[in-house]
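Reader: Please take one part of this model, the sheet with what packs on it, and go through it closely. I would like the conventions stated as you go.

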Amino acid sequence: MKNLLLLILLTPSFLMGMHHKSEPIIFYLDMDVAEGKSGMVNDFVEYLVATVKKTEPDTMYYKYWVAEDSSKVSLMEIYPNNEAALFHMNAFAEAPHRDQFLETFLVTNFQVLGNTNQELKDAMKAYTCLLYTSDAADEEDSVDLGGRRI
């Protein structure tokens, strides 16, 4: 809940500071840590942050919050546009740490804010069944990625 409040507080600052033609894409994930994996979470998160900073120069913000008992993790990612978010999704799909990520974290909530294009939506299908987008909210519609309809 604190992270969602932080997201609400930080988002206007990021959006106001960006060029008026920018169409940012924000990923927000809540995840449970798989049984037996909590002891290595902090080191793994440090590795992930360093890797994204090194290999994805268009990533504007990439931050994890780890619960005190290492049982839960939240992640917020901000990209300047669909292309940068898609680059991240493709990089993740090919990353040597992809399987370890999927074995360590069980995604319980994955929200995407911004006007996502179809190519990005397609790239995300393998990782989430829930996708919230501002265009869906504007149209009072939902997006179905093969899971339950929201």
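Author: What follows describes the sheet, the helices across it, the cores and two loop residues.

This is a predicted model, in which local features need pLDDT of at least 70 and side-chain atom pairs count only at pLDDT 80 or more, while totals for chains, interfaces and linings use all residues. Residues are numbered from 1 along each chain as its sequence is written, and side-chain values use heavy atoms, with hydrogens and water left out.

The pLDDT, the predictor's confidence in each residue on a scale from 0 to 100, averages 81 over the chain, and 71% of the residues score at least 70. Over residues 130-150 the pLDDT stays under 50, and the model has 41 contacts beyond four places in sequence for that stretch; a contact means heavy atoms within 4.5 Å. Where pLDDT is low, the predicted coordinates should not be read in detail.

Six helices and six strands make up the secondary structure of the chain. Helices (H or I, at least four residues) and strands (E, at least two) are DSSP runs, numbered from the N terminus. Along the sequence their pattern is α-β-α-β-β-α-α-β-α-β-α-β. Among contacts between residues at least 6 apart in sequence, 62% join residues at least 24 apart.

The sheet itself is open and has four strands in the order S2-S3-S1-S4, with antiparallel pairing. S2 and strand S4 (105-113) are the edge strands, each with a single partner, so one side of each has no neighbour in the sheet. From one strand to the next the twist averages 15 degrees. Two strands are taken to pair if DSSP finds at least two bridges between them. Strand S1 (residues 25-33) and S3 are joined in the antiparallel sense over eight bridges. Phe27 stands opposite Glu77 in S3.

Two helices lie across these strands. Helix H2 (residues 41-55) crosses S1, S2, S3 and S4, running at about 175 degrees to S2. Helix H3 (residues 82-94) lies across S1, S2 and S3, at about 30 degrees to S1. For these angles, axes are lines fitted to C-alpha atoms, for helices over the stretch in contact, and angles run from 0 to 180 degrees between N-to-C directions.

Next come the cores. Buried residues, those under 20% relative accessible area (exposed is over 50%, partly exposed in between, with a 1.4 Å probe and protein chains only), make up 43% of the 150 residues in the chain. A nonpolar core is a set of buried Ala, Val, Leu, Ile, Met, Phe, Trp, Tyr and Cys residues joined through side-chain atoms within 4.5 Å. The largest has 29 residues, of which Phe27, Met31, Tyr62, Tyr64, Phe101, Phe105 and Leu120 touch the most other members. Two or more residues each come from S1, H2, S2, S3, H3, S4 and helix H5 (118-124). H2 gives the most, with six residues. A second, separate core of six residues includes Ile26, Tyr28, Tyr61 and Ile78. Beyond its neighbours within four places in sequence, Met31 of the largest core has contacts that include Tyr64, Val73, Leu75, Phe101, Phe105 and Val107.

Aromatic rings recur in this part. Rings of Phe, Tyr and Trp (its six-membered ring) pair if their centres lie within 6.5 Å; planes under 30 degrees apart count as stacked, over 60 as edge-to-face and the rest as tilted. By this rule there are eight aromatic pairs. In one of them, Tyr62 and Tyr64 have ring centres 5.4 Å apart and planes at 80 degrees, so the pair is edge-to-face. Tyr62 is buried at 12% relative accessibility, and Tyr64 is buried at 6%. Both belong to one aromatic cluster with Phe44, Tyr47, Phe92, Phe101 and Phe105.

Two loop residues complete the account. Thr59 lies in the loop between H2 and S2 and counts as buried at 18% relative accessibility. Leaving aside neighbours within four places in sequence, Thr59 is in contact with Val52, Ile78 and Tyr79. Ser70 is in the loop between strand S2 (61-66) and strand S3 (72-79), and is buried with a relative accessible area of 10%. Phi of Ser70 is near 60 degrees, a positive value in a residue other than glycine. Not counting residues up to four places away in sequence, Ser70 touches Val33, Ser38, Val41 and Asn42. The C-alpha atoms of Ser70 and Asp32 are separated by 8.9 Å, with the two residues 38 apart along the chain.
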